[in-house]
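Please consider the sequence and the three-dimensional structure shown here. A report on selected local features comes after them.

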Amino acid sequence: MTKLRVGLLFGGCSGEHEVSINSARAIAKAFQAEQNANKYEILPFYVQKDGRWLAGNLSQQVLESGQPLQLLSTPTPEHPDHQENSQLSTTNTPNLSRWQSPSQVAEVDVWFPIIHGPNGEDGTVQGLLTLMQVPFVGSGVLGSAMGMDKIAMKMAFAQAGLPQVKYMAVNRSQIWSNPCVFPKLCTQIEENLGYPCFVKPANLGSSVGITKVRSRRELEIALDNAASYDRRIIVEAAVVARELECAVLGNDQPQASVVGEITYNSDFYDYETKYTQGKANLVIPAAVPETVSRKIQEMALQAFAAIDAAGLARVDFFYVEATGEVLVNEINTLPGFTATSMYPLLWASSGVSFPELVDRLVQLALERKSASQFPQRQSK
Ligand SMILES: Nc1ncnc2c1ncn2[C@@H]1O[C@H](COP(=O)(O)OP(=O)(O)O)[C@@H](O)[C@H]1O
Ligand SMILES: [Mg+2]
């Protein structure tokens, strides 16, 4: 039987580069499991932090070691990468606007992009893969872009009638404006949302650039800080709530997993809490009333549809225990996929093992690609 060649695309330019390597390692291992080994062959493609794609042995090396490569700039004749990627530009100034792909790209039957955050989860890679006309795992351009931008996402959720925290969308130009506009903006935020509130860049992840603020002074600093990361900023009223998450799998008839909870001791689920071993715990299934978990599963599917997601997504919620309210926080279209990540663990607890999960995702990618083919119009 000829094996399907899966292009595993990982690494990337975002702050989640290392997480992506770990996700890719876990996924590659799952493709080597007994039931998948006869069906699939993995072709690793490692995207360096500067955006350059590597294939072959160097990518395999990153996958095996779990360690990012030191930045390889322009390939030189003596560099092994030069032979592997003979099509890459050899000019002295690597210009990524003249992006070129390793020749192995042509061998891929289906792509499995697992690059988290900007330039991976936001529709950019998905646009490239769409242009290549090869099926790929996960959401398309629209779903990915909507899922990445917290303002666009919240607008879609509001349109779908999903409850969420009160928020305001802000532009960098309002923050870095003349001294008359900025104080008015801060006053508006105070009047509409009050303290504490959360200031976030709209297009990042891993809590990078997010601040919880309790005063005017903190608000001013947080807005300035968020504006240094993104042109689009969102400010949200803070809620006191438990954080629950639900995994979604499927295309047009997606399914929701059991619900899990993230628990931690810090002020909020910030970068350090997320990535320091032992600072956060995953509780699966979450100890919440059945009515709450059912509501969350239903809302997760609505959120998935609201942004036109496909394949997979993890939807995160705030459960305000005091009032029983459930609010949708965000959707992640390429959630963490390591051996200890919430997404695969939620599915494992719902009866879908890690190897089964990657198999299903590839099949969903193939199904979606054939469904996206437009019926040929009859020419007159
Ligand atoms: N409105 C809010 N109320 C209470 N906590 C919040 C709010 N917004 C964010 N947080 C806290 O900050 C964390 C990160 O925010 P989130 O919007 O999920 O960003 P990211 O995409 O970086 O994960 C959340 O998991 C939660 O702990
Ligand atoms: Mg989050």
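The sections below describe one helix, one strand with its partners, and one further residue.

## Basis of the report

The structure is a predicted model. Every value quoted below is accordingly computed from that predicted model.

## Helix H12

Helix H12 comprises 17 residues, from 290 to 306. At 1.5 Å a residue, a helix of this length should span 24 Å, and the end C-alpha atoms of H12 are indeed 24 Å apart, so expectation and model agree. After the helix comes Asp308, which has a positive phi, near 65 degrees.

The buried residues of H12 are Val292, Ser293, Ile296, Met299, Ala300, Ala303 and Phe304. Viewed down the helix axis, these buried residues fall within an arc of 140 degrees, and therefore they line one face of H12. Exposed residues Glu290, Thr291 and Ala305 are carried on the face turned away from the buried side.

## What covers the buried face

Elements of both kinds contribute to the cover over the buried residues of H12. Among them are helix H7 (150-159) and the strands E9 (242-250), E10 (255-264), E12 (311-320) and E13 (325-332).

## Strand E9 and its partners

Strand E9, which belongs to the cover of H12, is itself mostly covered, with nine of its nine residues buried. In a regular strand the side chains alternate between the two faces of the sheet. In E9, Arg242, Leu244, Cys246, Val248 and Gly250 lie on one side, while Glu243, Glu245, Ala247 and Leu249 lie on the other. Both faces of E9 are covered, since the residues on each side are all buried.

E9 pairs with two strands named above as cover for H12. With E12, E9 runs antiparallel and is joined by nine bridges; within this pairing, Cys246 has Val315 of E12 as its bridge partner. With E10, the pairing is also antiparallel and extends over six bridges, and Glu245 stands opposite Gly260 of E10. The connection from E9 to E10 is a hairpin through four residues.

## Ile234 in strand E8

Ile234 is located in strand E8, residues 232-237. Is this residue buried or exposed? Ile234 has a relative accessible area of 0%, and because the cut-off for burial is under 20%, Ile234 counts as buried.

Leaving aside residues up to four places away in sequence, Ile234 touches Lys150, Ile151, Lys154, Tyr167, Met168, Phe198, Val199 and Lys200. Val108, by contrast, is 126 residues from Ile234 in sequence and 39 Å from it in space, C-alpha to C-alpha.

Methods. Residues are numbered from 1 along each chain as its sequence is written. Chains are lettered from A and ligands numbered from 1 in the order in which they are written. This is a predicted model: local features need pLDDT of at least 70, side-chain atom pairs count only at pLDDT 80 or more; totals for chains, interfaces and linings use all residues. Side-chain values use heavy atoms; hydrogens and water are left out. The expected span of a helix is 1.5 Å times one less than its number of residues. Buried means under 20% relative accessible area, exposed over 50%, partly exposed in between (1.4 Å probe, protein chains only). The arc is that of the directions from the helix axis to the C-beta atoms. Contact means heavy atoms within 4.5 Å. Two strands pair if DSSP finds at least two bridges between them.
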